[in-house]
Amino acid sequence: MKRFILSLIFVGFISKMIAQISFIGFDQTQCGIIINNGYTFENISMMCGSHSSGYKIYKDGNEVYEKCIEFGGCSVFQLQFINDTTGFLIESNPNGHTVYKTNNSGTSWTAIGGGTPTLLGFYLVNSNTGYLVTTWDSPKAVYITRVSDINQRIITDNQITNDTIISDTIFGNPFCSINALNIKIKNVNDTVNYKIEFNLIPLTVSDYQRNNSFNIFPNPAKDFIEIDNKEIQLCDSYIRIYNNIGDIVKVHKIKDTSKLYIGDLKTGVYLLEISTKDTKAFYKIVKN
């Protein structure tokens, strides 16, 4: 069996075609923050049965993770690490393609978004966000998925004929000094351009990972959520809730109570920001 070494150079596109749709590429080149850090992967057929396939991930030659699907199988299409602990994996599986993220050196992975069976390209914007471009012919469409461990969004184009400008909110500054991402698709003889203009909300890694400062309950919730932390009642504190496209849907100043009514929000996943004088933290909440 052959071990595939993680490429140091980002592959901007894959020349797959379906229904005469092909991927020309991204106008921006991937910044040089994706390095090997000693990680490799190995795709293995019949790993857990005669109809299965799976993969193993290694760090400096030592296995850190393995996965196998008995019927349908799965494999690694692309593996990227931005430092020694944080990495992204594009997995091919019976449902299409799924992007996973690890924050603990590859020992566990969390799904942060996905797309259809035909993968066109992937661009990593920052340590929280990337864009996965896929297509399929049932129905014929191009899908641009904002994959993220903070909030996700799927942009669908069933026409694939007109240039489109898309405004999208991302949390954290891009690796590159860019304020937009340009994607080019070829549909038969026409070139279609998608420009994603970023609405940037500054966010440091410590902001998002400092999620043990507050206890939010219940979560999921139907009518009310409550934040359990005495600090927020001793100073001017604000709660902001963002929807899946980054719009602020609720702002609440905490005075005598840290209870917030969310019964008027639609069912779904939201991002909650808690801002105090010295602290900013972000949390996922689920509205039932």
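The structure holds 1 disulfide, and this tour of a predicted model begins there.

**The disulfide**

Select Cys 48 and Cys 68, whose sulfur atoms are joined in a disulfide with an S to S distance of 2.0 Å. A disulfide is a covalent bond between the sulfur atoms of two cysteines. View the pair along the S-S bond: the torsion is about -80 degrees, so the disulfide of Cys 48 and Cys 68 is left-handed. Next, display the strands around the bond. Cys 48 lies in the loop between β3 (39-45) and β4 (53-59), while Cys 68 belongs to strand β5 (residues 62-69), so the pair ties together parts that are 20 residues apart in sequence.

Are these two cysteines buried or exposed? Cys 48 has a relative accessible area of 37% and is partly exposed. Cys 68, at 26% relative accessibility, also counts as partly exposed. Now add Cys 74, which is in no disulfide; its nearest cysteine sulfur belongs to Cys 68 and is 6.2 Å away. Cys 74 is buried, because its relative accessible area of 1% falls under 20%.

**The whole chain**

Return to the full view and colour by secondary structure. The protein chain contains 1 helix and 23 strands. Of its 288 residues, 49% are buried. Turn on the surface: the accessible area of the protein chain comes to about 13,900 Å², and 49% of that belongs to carbon and sulfur atoms. Contacts within the protein chain can also be sorted by sequence separation. Among those between residues at least 6 apart, 51% join residues at least 24 apart.

**The nonpolar cores**

In soluble globular proteins, nonpolar side chains tend to be buried together. Select Ile 183, Ile 185 and Tyr 194 to enter the largest nonpolar core, which has 23 residues; these three touch the most other members. To see where the core is drawn from, highlight the elements that give two or more residues to it: β2 (21-26), β10 (118-124), β11 (129-137), β12, β14 (164-171), β15 (180-187) and β16 (190-201). Which of them gives the largest share of this core? That element is β16, with 4 residues.

Keep Ile 185 selected and display its surroundings. Leaving aside neighbours within four places in sequence, Ile 185 is in contact with a set of residues including Ile 21, Phe 23, Ile 24, Leu 120, Val 133, Val 142, Ile 160, Val 192 and Tyr 194. Polar residues are also found among the contacts of Ile 185, including Ser 22, Asp 190 and Thr 191. Then move to another core, which lies apart from the largest one and has 17 residues, among them Ile 216, Ala 221, Ile 239 and Ile 262.

**A stop in strand β12**

Select Thr 145, in strand β12 (residues 140-148). Is Thr 145 buried or exposed? The relative accessible area of Thr 145 is 4%, so this residue is buried. Follow its side chain, which reaches the backbone oxygen of Gly 114 at 3.1 Å. Apart from neighbours within four places in sequence, Thr 145 is in contact with Gly 114, Gly 130, Tyr 131, Leu 132, Arg 153 and Ile 154.

**Salt bridges**

How many salt bridges does the count come to? The count comes to 10. Begin with Lys 101 and Asp 149, whose side chains meet at 2.7 Å, N to O. Lys 101 sits in strand β8 (residues 96-102) and Asp 149 in the loop between β12 and β13 (153-157), so far as the sequence goes 48 residues apart. Both Lys 101 and Asp 149 are buried.

Next, select Arg 146 and Asp 168, which form a salt bridge with their closest N and O atoms 2.5 Å apart. This pair links strand β12, which holds Arg 146, to strand β14, which holds Asp 168, across 22 residues of sequence. Both Arg 146 and Asp 168 are buried.

Then select Arg 240 and Glu 273, a salt bridge at 3.6 Å, N to O. Arg 240 lies in strand β19 (residues 237-242) and Glu 273 in strand β22 (residues 268-275), 33 residues apart. Arg 240 counts as partly exposed at 24% relative accessibility, whereas Glu 273 counts as buried at 5%. To finish, select Lys 59, Asp 60 and Asp 84, which salt bridges that share partners join into one network.

How values were computed: Residues are numbered from 1 along each chain as its sequence is written. This is a predicted model: local features need pLDDT of at least 70, side-chain atom pairs count only at pLDDT 80 or more; totals for chains, interfaces and linings use all residues. Side-chain values use heavy atoms; hydrogens and water are left out. Buried means under 20% relative accessible area, exposed over 50%, partly exposed in between (1.4 Å probe, protein chains only). A polar contact is a pair of N or O atoms within 3.5 Å; within protein, one must be able to donate a hydrogen and the other to accept it, and residues adjacent in sequence count only if both atoms are side-chain atoms. Contact means heavy atoms within 4.5 Å. A disulfide is a pair of cysteine sulfur atoms within 2.5 Å. Accessible areas come from the Shrake-Rupley method with a 1.4 Å probe; for residues, only the protein chains shown count as cover. A nonpolar core is a set of buried Ala, Val, Leu, Ile, Met, Phe, Trp, Tyr and Cys residues joined through side-chain atoms within 4.5 Å. A salt bridge is a side-chain nitrogen of Lys or Arg within 4 Å of a carboxyl oxygen of Asp or Glu.
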